[in-house]
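Biologist: I would like to go through this structure with you. Please give me the reason behind each label.

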Amino acid sequence: YLGWWSDDVSVERVVSEQAWGRCRTENPPKDGVLCCAVKFSPDGGEGAIAVCRKPGGGIPMHVEVARAKSLSHGIGWARA
């Protein structure tokens with residue numbers, strides 16, 4: 001949402017669970033540009049690290065959540 005949070009409680013996610021499920025693969029790309037992102041929940045209670053690989057040759061990008069955890073014990077898990 002690029003920093004925008006809906007006041008509409010019914011809006012929970014941009015991509016549905018079913019849409020993510022259709023993107024599932026057992027053979028993610030091994031080469032290409034790699035990008036990592038860190039996101040914290042608005043209340044600061046949870047955090048996640050996601051990775052994306054963009055292979056060349058018109059192959060679709062591959063995105064997955066590497067870790068998602070509660071921040072109740074700090075952010076040390078994000079450094080490991």
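Biologist: Which residue in S3 stands opposite glutamate 46?

Modeller: Serine 70 in S3 stands opposite glutamate 46. The model is predicted, so local features need pLDDT of at least 70, side-chain atom pairs count only at pLDDT 80 or more, and totals for chains, interfaces and linings use all residues. Residues are numbered from 1 along each chain as its sequence is written, and side-chain values use heavy atoms, with hydrogens and water left out.

Biologist: What makes S2 and S3 a pair?

Modeller: Two strands pair if DSSP finds at least two bridges between them. Strand S2 (residues 46-54) and S3 share eight bridges, in the antiparallel sense. Therefore they count as a pair. Valine 51 and glutamate 64 in S3 also stand opposite each other.

Biologist: How do you know that S1 and S2 pair?

Modeller: The rule for bridges applies here too. S1 and S2 have eight bridges, again antiparallel. Valine 38 has isoleucine 49 in S2 as its bridge partner. Five residues lie between the strands in this hairpin, and glycine 44 there takes a positive phi near 75 degrees.

Biologist: What is the order of the strands in the sheet?

Modeller: The order is S1-S2-S3, in an open sheet with antiparallel pairing. Strand S1 (33-40) and strand S3 (62-70) are the edge strands, as each pairs on one side only. From one strand to the next, the twist averages 15 degrees. That angle runs between N-to-C directions, on a scale from 0 to 180 degrees, with axes fitted to C-alpha atoms.

Biologist: How many helices and strands does the protein chain have?

Modeller: There are one helix and three strands. Along the sequence they follow α-β-β-β. Both are DSSP runs: a helix (H or I) needs at least four residues, a strand (E) at least two.

Biologist: Why is arginine 24 called exposed?

Modeller: Exposed means over 50% relative accessible area, buried means under 20%, and partly exposed is in between (1.4 Å probe, protein chains only). Arginine 24 has 70%, so the label is exposed. Arginine 24 sits in the loop between helix H1 (17-22) and S1. Its C-alpha is 9.4 Å from that of histidine 62, although the two are 38 residues apart in sequence.

Biologist: What makes the contact of glutamate 26 and arginine 24 a salt bridge?

Modeller: A salt bridge needs a side-chain nitrogen of Lys or Arg within 4 Å of a carboxyl oxygen of Asp or Glu. Here the N to O distance is 3.8 Å. So the pair meets the rule. The count by this rule is one salt bridge. Glutamate 26 is exposed because its relative accessibility is 63%.

Biologist: Is valine 63 buried, partly exposed or exposed?

Modeller: Valine 63 is at 40%, so it counts as partly exposed. This valine is found in strand S3.

Biologist: Which residues form the nonpolar patch on the surface?

Modeller: Val14, Val15, Trp20, Met61 and Val63 form it, with about 490 Å² of accessible area together. Patch residues have over 30% relative accessible area and no salt bridge, and nonpolar side chains (Val, Leu, Ile, Met, Phe, Trp, Tyr) are joined within 5 Å. At 40%, valine 63 passes the accessibility cut-off.

Biologist: How many of the 80 residues of the protein chain, in percent, count as buried?

Modeller: The share is 10%.

Key: Patches are made of residues with over 30% relative accessible area and no salt bridge: like charges are joined within 9 Å, nonpolar side chains (Val, Leu, Ile, Met, Phe, Trp, Tyr) within 5 Å. Accessible areas come from the Shrake-Rupley method with a 1.4 Å probe; for residues, only the protein chains shown count as cover.
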